[in-house]
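Open your viewer and keep the selection tool at hand. This tour goes from stop to stop, saying what to select next and what is there.

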Amino acid sequence: MNRNERQFGLAGGLAFLRRIGNDLVDVVYPPACCGCGRLMGRHRAVCAPCWSTLQLIERPYCEILGLPFAHDHGEGTVSPEAIANPPVFDRLRSVAVHDGIARDLVHGLKYRDRTDLAPMMAEWMVRASDGAVASADAVIPVPLHAFRLWGRKFNQAAELARAVAALSGRPYLPSTLRRIRRTTKQVGLGAKAREDNVRGAFAVAESGKQGLIGKRIVLVDDVYTTGATVSAAARALKRAGAGHVTVLTFARAMSGLI
């Protein structure tokens, strides 16, 4: 047997072992809908009933805030909200409205330790980024404070950002942005209270400042609600010299089209 034949035989043997391994995994953990648990033909899939509850955010939308328009107003249109209150960040993109299966996936990742959902959610986020991920110099998650991270054991934004970076081949920089002030939970707070709660809560590590200057950054979080958290984080990145910041979330809270 020559060298090529041996290599071919080894590759075939490894492929066979992978198939056996995948079959055993399917027996122990049958493929199921990521939303309701209904048995499926493959892993990381969503059944038709759950998919029907997904409200994807697609064009036409505001070029800055990603808010969907009821009618197409032409390429490059900006919403009145973006004009009246320009955000700290440059662009915002999200996969879907925070409802139905989108909300279930976010809650599964965040509250039920379903970190296995992150790769699938990240695939959707890369597509929804409108090219921002492909052109980014780095992917950075919105960080948790050390005490919150210790209690939760993982950061859902970091899980999503890591998967987005892995899918796109972009550098993943989890230590560049730090949460330097412990804040109360944002849930239940009004818009002004949310802003006050996270004001000055983020800072860029000294070791990461040089690598930010003039760079295009994708800042990842799970949900966009009022924008207070990502705005505070984006402000810290901009002050450190970041040239362009796109906020990318899986879901966003909103009441309807504009």
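Here is a walk from the whole chain to a few of its residues and helix pairs.

**The whole chain**

Begin with a cartoon of everything, and bear in mind that this is a predicted model. The chain carries 10 helices and six strands. Colour by accessibility if you like: 43% of the 258 residues count as buried. Switching on contacts gives another overview, since among those between residues at least 6 apart in sequence, 69% join residues at least 24 apart.

**The cysteines**

Select cysteines 33, 47 and 50 next and show their sulfurs. How many disulfides does the structure hold? The structure has zero disulfides. Cysteine 47 is part of none, and its nearest cysteine sulfur, the one in cysteine 33, lies 3.6 Å away. From cysteine 50, the closest cysteine sulfur is that of cysteine 47, at 3.6 Å, which is too far for a bond, because a disulfide here needs the two sulfurs within 2.5 Å. Now add a surface. Cysteine 47 is buried, with a relative accessible area of 3%, and cysteine 50 also counts as buried, at 13%.

**Arginine 91**

Move on to strand β1, residues 91-97, where you will find arginine 91. Is this arginine 91 buried or exposed? Arginine 91 is buried, with a relative accessible area of 15%. Show what surrounds the side chain and backbone: setting aside residues up to four places away in sequence, arginine 91 touches Glu63 and Ile64, then Ser129, Asp130 and Ala132, and finally His244, Val245, Thr246 and Val247.

**Helices α4 and α5**

Now select helix α4, residues 100-111, together with helix α5, residues 118-128. The axes of α4 and α5 are 11 Å apart, and the two helices pack at an angle of about 130 degrees. The pair is therefore oblique, and the crossing of α4 past α5 is left-handed. To see the contact, show side chains for Leu105, Val106 and Leu109 on α4, and for Met120, Met121 and Trp124 on α5. By class, this contact has six nonpolar residues, no polar ones and no charged ones.

**Helices α5 and α7**

Keep α5 on screen, hide α4 and bring in helix α7, residues 156-168. Where α5 and α7 meet, their axes come within 8 Å and cross at roughly 65 degrees. This crossing is right-handed. On the α5 side, select Ala118, Pro119, Met121, Ala122, Glu123, Met125 and Val126; on the α7 side, select Glu159, Leu160, Ala163, Val164 and Leu167. Colour the contact by residue class and you will find 10 nonpolar residues, no polar residues and two charged ones.

**Leucine 167**

For the last stop, zoom in on leucine 167, which belongs to helix α7. Which residues does leucine 167 contact, leaving aside its neighbours within four places in sequence? They are Pro119, Ala122, Glu123 and Val126. Draw a distance from the C-alpha of leucine 167 to that of glutamate 123: the two are 7.3 Å apart in space, although 44 residues separate them in sequence. Finish with the surface on once more. Leucine 167 counts as partly exposed, at 47% relative accessibility, whereas arginine 91, from your earlier stop, is buried.

Terms used
Residues are numbered from 1 along each chain as its sequence is written. This is a predicted model: local features need pLDDT of at least 70, side-chain atom pairs count only at pLDDT 80 or more; totals for chains, interfaces and linings use all residues. Side-chain values use heavy atoms; hydrogens and water are left out. Buried means under 20% relative accessible area, exposed over 50%, partly exposed in between (1.4 Å probe, protein chains only). Axes are lines fitted to C-alpha atoms, for helices over the stretch in contact, and angles run from 0 to 180 degrees between N-to-C directions. Helices (H or I, at least four residues) and strands (E, at least two) are DSSP runs, numbered from the N terminus. A crossing is left-handed if the near helix is turned anticlockwise from the far one by less than a right angle, and right-handed if clockwise. Contact means heavy atoms within 4.5 Å. Ala, Val, Leu, Ile, Met, Phe, Trp, Tyr, Cys and Pro count as nonpolar, Asp, Glu, Lys and Arg as charged, and the others, Gly among them, as polar. Angles under 35 degrees count as roughly parallel, over 145 as roughly antiparallel, 65 to 115 as roughly perpendicular and the rest as oblique.
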